[in-house]
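Trainee: I'd like a close look at one part of this model rather than a full tour. Could you walk me through the aromatic side chains and what surrounds them?

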Amino acid sequence: MCYFSFPLNRRFGMAVVGLLCLTFGCGKPLPEGMPKLYPCSVNVTMNGQVLTDAVVYFYPEDESLKDYYATGCTDENGQTEMKTRLEYPGVVQGTFKVALIKTIINPDWKRTPDMPPEEMPDSISPFDFRFSLKETTPFTCEVKPEKNTFSFDIEQKGKPKQGEVPGTP
């Protein structure tokens with residue numbers, strides 16, 4: 001009797017999982033007309049060191065794909081999985097400009113609700129500002145119809161001074 005009950009319970013469990021997937025879906029469906037998305041992992045370093053909490057933006061170079069930008073935020077290992085339109089895992093096929101943003105604010109600073117804007121501290125990026133704009137970033141990548149993995153290393157010599165906008169004339 002035990003011999004038959006195990007396969008029967010297993011079949012029942014698989015049937016329940018299948019019905020749940022059919023009922024609720026196994027993932028968020030893509031909007032009508034959205035191109036197919038491909039898995040995309042990104043690793044970001046600065047001078048060879050892991051860069052945490054950096055926001056990665058993929059801007060399509062093809063104007064017809066401009067609505068399908070992708071973003072991600074690096075974890076403690078400097079890695080992220082890209083999402084299109086902030087919610088759909090993966091990236092459309094194409095060539096992208098890659099912008100990186102990381103802002104550092106003094107951790108001792110505390111904002112009060114009635115603080116006027118002129119009293120708020122300047123924030124500063126740990127790297128050259130040119131990496132943060134799609135018009136000036138040197139980084140590009142080509143997403144192919146397969147699992148994609150990209151690595152970007154920001155080579156920064158020195159640190160920007162507070163108040164200056166690095167990478168601008």
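Which residues form the one aromatic cluster?

Mentor: Sure, let's start with the names. The cluster is made of Phe58, Phe96, Phe127, Phe131, Phe139, Phe150 and Phe152. Keep in mind that this is a predicted model, with a mean pLDDT of 79 for the protein and 68% of the residues at 70 or more. The structure holds seven aromatic pairs, and two of them are worth going through in detail.

Take Phe58 with Phe150. Their ring centres are 6.2 Å apart and the planes stand at 70°, so this pair is edge-to-face; the angle cut-off for that label is over 60 degrees. The pair ties together distant parts of the chain, since Phe58 sits in strand 4 and Phe150 in strand 12 (residues 148-154), 92 residues apart. Both partners count as buried, because the limit is under 20% relative accessible area: Phe58 is at 0% and Phe150 at 15%.

The other pair is Phe131 with Phe139. This one is stacked, at 5.5 Å centre to centre and 25° between the planes, and the cut-off for stacking is under 30 degrees. Phe131 is buried at a relative accessible area of 3%, and Phe139 is buried too, at 13%.

Now put Phe58 back into its backbone setting. Strand 4 covers residues 55-60 and runs antiparallel to strand 5 (residues 70-73), with four bridges joining them. Phe58 itself has Ala70 as its bridge partner in strand 5. Strand 4 also pairs with strand 10 (residues 94-101), again in the antiparallel sense, over six bridges. On that flank, Val56 stands opposite Leu100 in strand 10. If you're tracing which way the side chains point, remember that in a regular strand they alternate between the two faces of the sheet.

Stepping out from strand 4, you get an open sheet of six strands in the order 8-7-5-4-10-11, with antiparallel pairing. Strand 8 and strand 11 (140-143) stand at the edges with a single partner strand each, so one side of each has no neighbour in the sheet. Going from strand 5 towards strand 8, you meet strand 7 (residues 83-84), which is antiparallel to strand 5 and joined to it by two bridges. There, Thr71 has Lys83 as its bridge partner in strand 7.

Just past strand 7 there's a backbone detail you may want to look at. Arg85 lies in the loop between strand 7 and strand 8 (88-89), and its phi is near 55°, a positive value in a residue other than glycine. Arg85 is partly exposed, at 27% relative accessibility. Asn47 has a phi near 55° as well, again positive and again not in a glycine. You'll find Asn47 in the loop between strand 2 (40-46) and strand 3 (49-50), partly exposed with a relative accessible area of 41%.

For charged contacts, the list is short: the count comes to one salt bridge. It joins the side chains of Arg130 and Asp128, at 3.4 Å from N to O. Arg130 is partly exposed at 31% relative accessible area, whereas Asp128 is buried at 15%. In sequence terms, you can look for this salt bridge among the residues that also hold Phe127 and Phe131 of the aromatic cluster.

Zooming out, the protein has one helix and twelve strands, and the helix comes ahead of the strands when you read from the N terminus. Of the 169 residues, 31% are buried. Contacts with a separation of 6 or more are 67% between residues 24 or more positions apart, and the Phe58 and Phe150 pair, at 92 residues apart, spans such a distance. The accessible surface comes to about 11,600 Å², with 56% of it belonging to carbon and sulfur atoms.

One last point before you build on any of this: check the ends. Over residues 1-25 the pLDDT stays under 50, and the model has two contacts there beyond four places in sequence. Residues 160-169 also have a pLDDT below 50, but that stretch has 16 contacts beyond near neighbours in sequence.

How values were computed: Residues are numbered from 1 along each chain as its sequence is written. This is a predicted model: local features need pLDDT of at least 70, side-chain atom pairs count only at pLDDT 80 or more; totals for chains, interfaces and linings use all residues. Side-chain values use heavy atoms; hydrogens and water are left out. Two strands pair if DSSP finds at least two bridges between them. A salt bridge is a side-chain nitrogen of Lys or Arg within 4 Å of a carboxyl oxygen of Asp or Glu. Buried means under 20% relative accessible area, exposed over 50%, partly exposed in between (1.4 Å probe, protein chains only). pLDDT is the predictor's confidence in each residue, from 0 to 100. Contact means heavy atoms within 4.5 Å. Rings of Phe, Tyr and Trp (its six-membered ring) pair if their centres lie within 6.5 Å; planes under 30 degrees apart count as stacked, over 60 as edge-to-face and the rest as tilted. Accessible areas come from the Shrake-Rupley method with a 1.4 Å probe; for residues, only the protein chains shown count as cover.
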